[in-house]
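The following exercises are meant to be worked through with the sequence and the coordinates open side by side. Each task is followed by a solution that proceeds step by step.

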Amino acid sequence: MPKPLEVLHKSLNNRVIVELKGNRGYRGVLNGYDVPHMNLVLKNADEIINGEVATKRETAIVRGDNIIYISP
Amino acid sequence: MPKPLEVLHKSLNNRVIVELKGNRGYRGVLNGYDVPHMNLVLKNADEIINGEVATKRETAIVRGDNIIYISP
Amino acid sequence: MPKPLEVLHKSLNNRVIVELKGNRGYRGVLNGYDVPHMNLVLKNADEIINGEVATKRETAIVRGDNIIYISP
Amino acid sequence: MPKPLEVLHKSLNNRVIVELKGNRGYRGVLNGYDVPHMNLVLKNADEIINGEVATKRETAIVRGDNIIYISP
Amino acid sequence: MPKPLEVLHKSLNNRVIVELKGNRGYRGVLNGYDVPHMNLVLKNADEIINGEVATKRETAIVRGDNIIYISP
Amino acid sequence: MPKPLEVLHKSLNNRVIVELKGNRGYRGVLNGYDVPHMNLVLKNADEIINGEVATKRETAIVRGDNIIYISP
Amino acid sequence: MPKPLEVLHKSLNNRVIVELKGNRGYRGVLNGYDVPHMNLVLKNADEIINGEVATKRETAIVRGDNIIYISP
């Protein structure tokens, strides 16, 4: 059985979609994460608010407790 | 008495309905989970927002603390 | 003094009403639970949204942290 | 100094008012509780929603984390 | 440096104002508390909702996690 | 690197601005705090609601989990 | 793999964007932080509310649990 953190680990250096609470999200390259908080480091990240690209960030540290799901 | 995590374990590789907070949900194949967070790995997942299929994801890591219920 | 988990245990295999946050609830047979999270396994469960039966689920794993009360 | 749980303990078998988040409450006989969660067992409980008796429950297990206050 | 719990302790048997989340509050005599939850026992407590005295309670056990501030 | 609690400690006996969740805040003299909760004791505190001074409190014990930021 | 806290550490003494819950944010120089809470010390911080600079703070201690993301 693949564990969630193993699936996350395999997504390193690939683009992921990160859906956050409050109708926010990110699309970016997963550069790192920590355990057990599931905080993420994203690179070249588009911040999506209400379905539109709001801003672009070279790097973003996303706190895990805001995450709804991560899609590799 | 079947424990919740045993019932979840038996659902591996079967389609499940996952209801999340905020009128969101997923229908997909349960590919993995972890303990005790109940984070899930779903495959071929339809994301449901307000009752409609909003997007399809090949893989989604869903954080357990957003889950209301899982129906095998 | 009956402890809450003892009262829950005595309700096994009986129909219970489970009131969740967000105007949701379940009526179903309590098939299992875990400690200390109070996650539940319900069978033959009617999901109630805003007072009406919205869906029927053969099995549902309900996360304990969404529960307001359980009535045997 | 009377500790909150001592005051709760003295209320066993007496009617209490339990105010919950979300404009809900209960009036019923305190039949049991646990520590440290402060989950309650109420008997002959009137559920109050927005100030009106909505339902009557012979028994209700109320999760402590929804409680605002308990008044013996 | 006076610690918050020391200031609370000195307020025993004095009237305090307790502001809760959700535009609620209490004015009453601090009869007891526990550590670390900061659950309170209030006596002769006026419950204030939206700035008006809604009810009077001889005794109220207030859960600490609803408290915004306590003013001796 | 100055740690947040060191910066807080240096603010003792100085006026601070404390922004709370729910459009509330305080301006007062930081008289004490605890670790790790970051509960505060404020003296001569103006309570600010929606940008206006709502009340003045000689002493207020503010629970740390409501705090967004503290500005010395 | 760069861990989130390593990326944060490398941002010390640089300007960062801190997005908070509730449509708030900060732009300021990261002066310090703690582990594991991710509380921050910001210097010369502009507080942004609904996209506009609301106030300027020489120093702000921001509680980590309000943070959505930090962008160096």
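The accessible surface of chain A comes to about 3200 Å², and 47% of this area belongs to carbon and sulfur atoms; such areas come from the Shrake-Rupley method with a 1.4 Å probe, and for residues only the protein chains shown count as cover. The model is predicted, so that local features need pLDDT of at least 70 and side-chain atom pairs count only at pLDDT 80 or more, while totals for chains, interfaces and linings use all residues. Residues are numbered from 1 along each chain as its sequence is written, chains are lettered from A and ligands numbered from 1 in the order in which they are written, and side-chain values use heavy atoms, with hydrogens and water left out.

**Exercise 1. Describe the fold and the dimensions of chain A.**

Step 1. Chain A has one helix and five strands, where helices (H or I, at least four residues) and strands (E, at least two) are DSSP runs numbered from the N terminus. Along the sequence these elements follow the pattern α-β-β-β-β-β.

Step 2. The radius of gyration of chain A is 11 Å, close to the 11 Å that the globule rule gives for 72 residues, so chain A is as compact as a globular protein of that length. This radius is taken over C-alpha atoms, and the rule is 2.2 Å times the number of residues to the power 0.38.

Step 3. Along the principal axes, the C-alpha atoms of chain A fill a box of roughly 35 × 20 × 15 Å. Of its 72 residues, 57% count as buried, a term that stands for under 20% relative accessible area, with exposed over 50% and partly exposed in between (1.4 Å probe, protein chains only).

**Exercise 2. Relate chain A to chain B, and check whether chain A reaches chain D.**

Step 1. Two copies of a chain are related by a rotation about an axis and a shift along it. For chain A on chain B, the turn is 51° and the shift along the axis 0.0 Å, with an RMSD of 0.0 Å; the fit is by least squares on the C-alpha atoms of residues with pLDDT of at least 70 in both.

Step 2. The two copies use different surfaces, since 5% of the contact residues of chain A recur in chain B, contact meaning heavy atoms within 4.5 Å.

Step 3. Chain A and chain D do not touch, and their nearest C-alpha atoms are 19 Å apart.

**Exercise 3. Locate A:Asn39 and C:Arg24 and list their surroundings.**

Step 1. A:Asn39 is found in the loop between strand E2 (24-33) and strand E3 (40-49) of chain A, and is buried, with a relative accessible area of 6%. Leaving aside neighbours within four places in sequence, the contacts of A:Asn39 include A:Tyr33, A:Arg63, G:Pro4 and G:Met38.

Step 2. C:Arg24 lies in strand E2 (residues 24-33) of chain C and is buried at a relative accessible area of 9%. Not counting residues up to four places away in sequence, C:Arg24 touches several residues, among them B:Glu19, B:Tyr69, C:Glu19 and C:Glu47.

**Exercise 4. Examine the backbone of chain E for unusual torsions.**

Step 1. The peptide bond from E:Val35 to E:Pro36 is cis, with omega near 5°, and E:Pro36 lies in the loop between strand E2 (24-33) and strand E3 (40-49).

Step 2. E:Met38, although not a glycine, has a positive phi of about 65°; E:Met38 is placed in the loop between E2 and E3 of chain E and is buried, with a relative accessible area of 3%.

Step 3. E:Asn44, also not a glycine, has a positive phi of about 50°, but belongs to strand E3 and is partly exposed at 49% relative accessible area.
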